Amino acid sequence: MSSTELEVKLEIGTDAVRRLREKSALRKMTIGKPVQRELRSIYFDTPDHSLRSERASLRLRWDGRGWIQTLKYGTGLKNGLASPQEIEGPVDKPQLDLERIKDPKVGPWLKKLAAKATLAPVFETDINRDIHMLKCSDIGTAELAIDKGKVRSGKKSEGINEVEIELKSGLAHTLLTISEKLFEGECVSPSGASKAERGYALLGKRKPAPTASGAFALHRPELRADMSVEQAFKAIGGSAAEQILGNWRILHALDDSEVPHQFRIGLRRLRTSLRIFADVAADKDLKRLSKAARNLGRVVGHLRNADVLVQDIAEPAIAALGKDKCHEALLDFLAEARIGERQNVRALVAGKDWTRLKLNCMLFDQAVERALHRAPDRIATRKFQAVASEALENTWQEVRDRGRGFADHKISERHEMRKTLKTMRYATDYLMPIYPGADAKDFLRRLRGLQNVFGYLNDVAMADELSARIAADHPDRSDLNKSVRLICDWHAGRAKKQMRKADDRWRELRKSKKFWR
């Protein structure tokens with residue numbers, strides 16, 4: 001019969017592997033003596049790769065003691081996490097024996113497929129594997145496999161350097177806790193492909209790469225009022241985690257300004273999800289996650305600000321003011337600054353300081369399970385809609401408090417209100433599906449309108465800061481100073497009109513029906 005694997009796969013450098021072997025955390029968790037094995041695996045498929053089309057893989061593996069036949073289906077990696085169904089058993093020789101697959105559904109399906117086309121070797125892997133059995137406190141056990149080798153097909157080959165942690169017993173969040181203990185402070189990334197997928201890539205069967213634009217926008221989760229707190233938290237926070245990881249992967253490769261923008265939105269949405277489920281997020285590890293998301297958001301924000309100064313401040317003003325050589329000089333100055341900021345941010349986000357955050361995004365479901373495992377039972381049994389309404393009310397009260405004396409706000413106060421409005425918007429955007437009627441949509445429309453005004457006012461304030469910085473750092477560059485002053489003056493006139501709009505929209509928002517009450 002089949003069983004379900006749960007494992008996390010990570011790509012890791014050779015220096016990190018060397019440090020891993022020396023870590024006290026590994027020694028403390030290891031049960032028994034580590035084992036070294038040389039594994040040779042032969043993967044089979046039909047000429048048209050029918051197994052792969054069905055998200056399945058079939059292999060024979062020599063593990064130094066005998067041949068093992070393994071069928072996996074429901075295969076594929078999602079953010080480094082795999083949970084395929086597996087049917088495994090010994091065979092007498094390096095030859096498929098489909099009669100050994102006794103599953104009443106899978107066995108006949110595979111035999112029917114094999115009857116239509118011959119199952120033949122398509123590629124092989126040769127792996128040197130170090131195996132450690134690990135025990136994590138009293139929550140579970142797992143197998144750590146450190147793999148180094150290659151996948152080959154004909155004359156083509158590709159190196160493999162990765163680690164796998166497979167749950168053997170206990171609670172699923174064992175994988176997250178072990179990963180944190182072993183890899184915090186190291187540069188690791190979720191594996192983008194299994195060994196089978198690497199083999200198919202050698203055959204020219206790799207899945208298509210992301211489109212040129214590349215940016216990963218939010219995938220809105222499907223929510224129901226009757227969901228448990230755990231289900232809703234996983235759905236909301238998990239969607240933000242996917243947005244973060246998707247843009248994290250491509251930030252180094254694409255210059256598209258939408259990538260850092262969506263990256264930062266994902267980080268803010270993750271923090272919003274932690275705020276919605278504040279009782280669960282009181283857990284020490286989720287508090288740490290929220291702080292890390294805030295700090296990484298600030299790092300990515302530097303690149304986003306450089307993009308805004310070009311696209312939303314300089315270019316619209318120059319288009320309205322007309323061409324001038326002084327504007328060309330400023331655009332060159334801003335473009336050079338943006339390139340420098342992009343290089344700096346790419347280097348920072350690739351660093352080891354964010355590994356724990358990355359692991360928690362990869363294994364967000366397990367982060368929630370761990371927090372609930374520690375929390376009082378009353379938290380998990382609360383009604384989701386009650387939790388949602390409480391979160392919306394608390395956030396609205398903060399918005400209302402920040403809005404007092406709105407007309408006389410200083411720039412810093414306006415900035416804080418803008419951030420609170422964003423939190424309110426993300427929470428509303430997430431939660432409105434569980435509230436019937438048109439009131440939620442009307443509230444979101446008014447909220448979005450006010451937030452957009454505040455976003456523009458914040459951008460204008462940032463332009464004023466740029467003007468002051470250029471004047472201080474480049475007093476002899478009359479072309480730069482003239483251009484930035486003209487641009488700031490143009491935006492200042494628009495900002496006055498926007499402030500009048502903001503006053504009206506704030507009154508409209510306060511009067512709107514609070515759909516969660």
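Start by selecting Glu180 and showing its surroundings: setting aside residues within four places in sequence, Glu180 is in contact with Arg356, Leu359, Asn360 and Arg370. Bear in mind throughout that you are looking at a predicted model.

**Stop 1: Glu180 and its partners**

Glu180 belongs to helix H5, which covers residues 174–183. Is this residue buried or exposed? With a relative accessibility of 6%, Glu180 counts as buried. Now draw a distance from the C-alpha atom of Glu180 to that of Asn360: your viewer should give 8.7 Å, although these positions lie 180 residues apart along the chain.

**Stop 2: helix H12**

Asn360 leads you to the next selection, residues 355–362, which form helix H12. Colour this helix by accessibility and you will find that 8 of the 8 residues are buried, so H12 is largely enclosed by the rest of the structure. Reading along the helix, the buried residues are Thr355, Arg356, Leu357, Lys358, Leu359, Asn360, Cys361 and Met362. Arg356, Leu359 and Asn360 should look familiar, being among the contacts of Glu180.

**Stop 3: helix H11**

Next, select residues 325–349, helix H11, and pick out Arg338 within it. Arg338 counts as buried because its relative accessibility is 17%, and the cut-off for buried is under 20%. Beyond its neighbours within four places in sequence, Arg338 is in contact with Leu303, Ala306, Asp307, Val310 and Gln311.

Stay in H11 and move along to Glu341. Which residues does Glu341 touch, leaving aside its neighbours within four places in sequence? They are His302, Leu303 and Ala306. Leu303 and Ala306 are also in contact with Arg338, so both H11 residues can be shown with these partners in one view.

A helix rule is handy here: with 3.6 residues a turn, residues three or four places apart in an α-helix point the same way. As for accessibility, Glu341 has a relative accessible area of 23% and is therefore partly exposed.

For a sense of scale, draw a line from the C-alpha atom of Glu341 to the C-alpha atom of Phe233: these atoms are 34 Å apart, and the two residues are 108 residues apart in sequence.

**Stop 4: helix H7**

Now select residues 229–250, helix H7. How far apart are the end C-alpha atoms of this helix? They are separated by 32 Å, which agrees with the 32 Å span expected for 22 residues at 1.5 Å a residue. Of these 22 residues, 17 are buried, so H7 is largely enclosed by the rest of the structure.

**Stop 5: two loop residues with positive phi**

Leave the helices for a moment. Most residues other than glycine have a negative phi, so positive values are worth a look.

Begin with His49, in the loop that runs between strand E3 (30–45) and helix H3 (50–53). Its phi is near 60°, a positive value in a residue other than glycine. His49 counts as buried, at 11% relative accessibility.

Then go to Asn79, in the loop between strand E5 (67–73) and strand E6 (81–82). Here phi is near 55°, again positive in a residue that is not glycine. Asn79 has a relative accessible area of 16% and is buried.

**Stop 6: the cysteines**

How many disulfides does a search of the whole structure find? The count is 0. Select Cys326 to see an example: the nearest cysteine sulfur, in Cys488, is 12 Å away. Seen from Cys488, the closest cysteine sulfur is the one in Cys326, and 12 Å is too far for a bond. Cys326 counts as buried at 5% relative accessibility, and Cys488 counts as buried at 9%.

**Last stop: zoom out**

Finish with the whole chain in view, where 18 helices and 11 strands are assigned. Along the principal axes, the C-alpha atoms fill a box of roughly 80 × 55 × 50 Å. Buried residues make up 51% of the 517 residues. Show the surface and you have about 25200 Å² exposed, with 49% of it supplied by carbon and sulfur atoms.

Among contacts with a separation of 6 or more, 74% join residues 24 or more positions apart. Finally, colour by charge: the mean positions of the 96 positive and 72 negative charges are 2 Å apart.

How values were computed: Residues are numbered from 1 along each chain as its sequence is written. This is a predicted model: local features need pLDDT of at least 70, side-chain atom pairs count only at pLDDT 80 or more; totals for chains, interfaces and linings use all residues. Side-chain values use heavy atoms; hydrogens and water are left out. A disulfide is a pair of cysteine sulfur atoms within 2.5 Å. Buried means under 20% relative accessible area, exposed over 50%, partly exposed in between (1.4 Å probe, protein chains only). Helices (H or I, at least four residues) and strands (E, at least two) are DSSP runs, numbered from the N terminus. Contact means heavy atoms within 4.5 Å. Accessible areas come from the Shrake-Rupley method with a 1.4 Å probe; for residues, only the protein chains shown count as cover. Lys and Arg count as positive and Asp and Glu as negative; His and the chain ends are not counted. The place of a charge is taken as NZ of Lys, CZ of Arg, CG of Asp or CD of Glu. The expected span of a helix is 1.5 Å times one less than its number of residues.
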